[in-house]
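The following report is meant to be read with the sequence and the model side by side. It moves from single residues to one helix, then to a group of rings, and ends with totals for the chain.

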Amino acid sequence: MDEAEFDSLADWRPFERADAGRYEAAAARCTSLAVARWGKTSGQLQRQLEAPHPAIPAGFELTDFRKLEQWAQSMTSACSGDPRFSWLPRTLRLSEWQARLEIVRRAIEYLERQ
């Protein structure tokens, strides 16, 4: 494949200020959902994990939960082998992110049944 063929695969355009705003808004939305689902402390995370059914925060949709699931999966993968996280005890690196991922998966299953 040459450069022209590669360029023809997508509609390339310059990254613009509006793009940055969209990415920032998406990141803020994902962060808000993460805090709403997992809390800010390990105790809050534990309570969410032990809850009999997921609490679905108002204003969020299934697509928001799927994006959060993707992010949690990437963090779980990163924490399992990324040397940047080697300073954390292995159980902390994996167990908290695995708990977060499980909480999001339960919420997605619940929303899919609705």
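E69 is found in helix 4 of what is a predicted model, and with a relative accessible area of 16% the residue E69 is buried, because buried here means a value under 20%. Leaving aside residues up to four places away in sequence, E69 touches L101, V104, R105 and I108. Helix 5 covers residues 90-113, and the four partners of E69 carry the numbers 101, 104, 105 and 108.

A second residue of helix 4 is T76, which counts as buried at 13% relative accessibility. The C-alpha atom of T76 is separated by 6.5 Å from that of Q98, although these two residues are 22 residues apart along the chain.

Helix 2 offers a further example in A34, a residue that counts as buried at 9% relative accessibility. With residues up to four places away in sequence not counted, A34 touches G39 and L68. The C-alpha atoms of A34 and A72 are separated by 9.4 Å, and the two residues are 38 residues apart along the chain.

**Helix 2 as a whole**

How far apart are the end C-alpha atoms of helix 2, and does that distance agree or disagree with the span expected at 1.5 Å a residue? The 22 residues of helix 2 should span 32 Å, and the end C-alpha atoms are 31 Å apart, so the two values agree. The buried residues of this helix are D19, C30, L33, A34, R37 and W38. These buried residues cover an arc of only 110 degrees around the axis, which means that they lie on the same side of helix 2. On the other side of helix 2, R17 and E24 are exposed. Just after the helix comes G39, which takes a positive phi of about 80 degrees; G39 is also one of the residues touched by A34.

**The aromatic rings**

The structure holds four aromatic pairs, and two of them, which share W71, are set out here with their computed geometry.

| Pair | Arrangement | Centre to centre | Angle between planes |
|---|---|---|---|
| W38 and W71 | stacked | 6.2 Å | 20 degrees |
| W71 and W97 | edge-to-face | 5.2 Å | 85 degrees |

Why is the pair of W38 and W71 described as stacked? The angle between the planes of W38 and W71 is 20 degrees, and planes under 30 degrees apart count as stacked. W38 lies in helix 2, residues 17-38, and W71 in helix 4, residues 62-81, so this pair ties together parts that are 33 residues apart in sequence. At 4% relative accessibility W38 counts as buried, whereas W71, at 39%, counts as partly exposed.

For the other pair, the angle of 85 degrees between the planes of W71 and W97 falls in the edge-to-face class because that class takes planes over 60 degrees apart. W71 lies in helix 4 and W97 in helix 5, so the pair ties together parts that are 26 residues apart in sequence. W97 is buried, with a relative accessible area of 13%. Taken together, W38, W71 and W97 form one aromatic cluster. The ring of W97 also has the charged end of R100 sitting over it, 4.5 Å from the ring centre.

**The chain as a whole**

The secondary structure of the protein chain comes to five helices and zero strands, so that from the N terminus on the elements run α-α-α-α-α. Of the 114 residues in the protein chain, 28% are buried. Among contacts in the protein chain with a separation of 6 or more, residues 24 or more positions apart account for 68%; one pair at a distance in sequence, already described, is that of W38 and W71, whose parts are 33 residues apart. The accessible surface of the protein chain comes to about 8200 Å², and 55% of this surface belongs to carbon and sulfur atoms.

How values were computed
Residues are numbered from 1 along each chain as its sequence is written. This is a predicted model: local features need pLDDT of at least 70, side-chain atom pairs count only at pLDDT 80 or more; totals for chains, interfaces and linings use all residues. Side-chain values use heavy atoms; hydrogens and water are left out. Rings of Phe, Tyr and Trp (its six-membered ring) pair if their centres lie within 6.5 Å; planes under 30 degrees apart count as stacked, over 60 as edge-to-face and the rest as tilted. Helices (H or I, at least four residues) and strands (E, at least two) are DSSP runs, numbered from the N terminus. Buried means under 20% relative accessible area, exposed over 50%, partly exposed in between (1.4 Å probe, protein chains only). A charge sits over a ring if NZ of Lys or CZ of Arg is within 6 Å of the ring centre and within 35 degrees of the ring normal. The expected span of a helix is 1.5 Å times one less than its number of residues. The arc is that of the directions from the helix axis to the C-beta atoms. Contact means heavy atoms within 4.5 Å. Accessible areas come from the Shrake-Rupley method with a 1.4 Å probe; for residues, only the protein chains shown count as cover.
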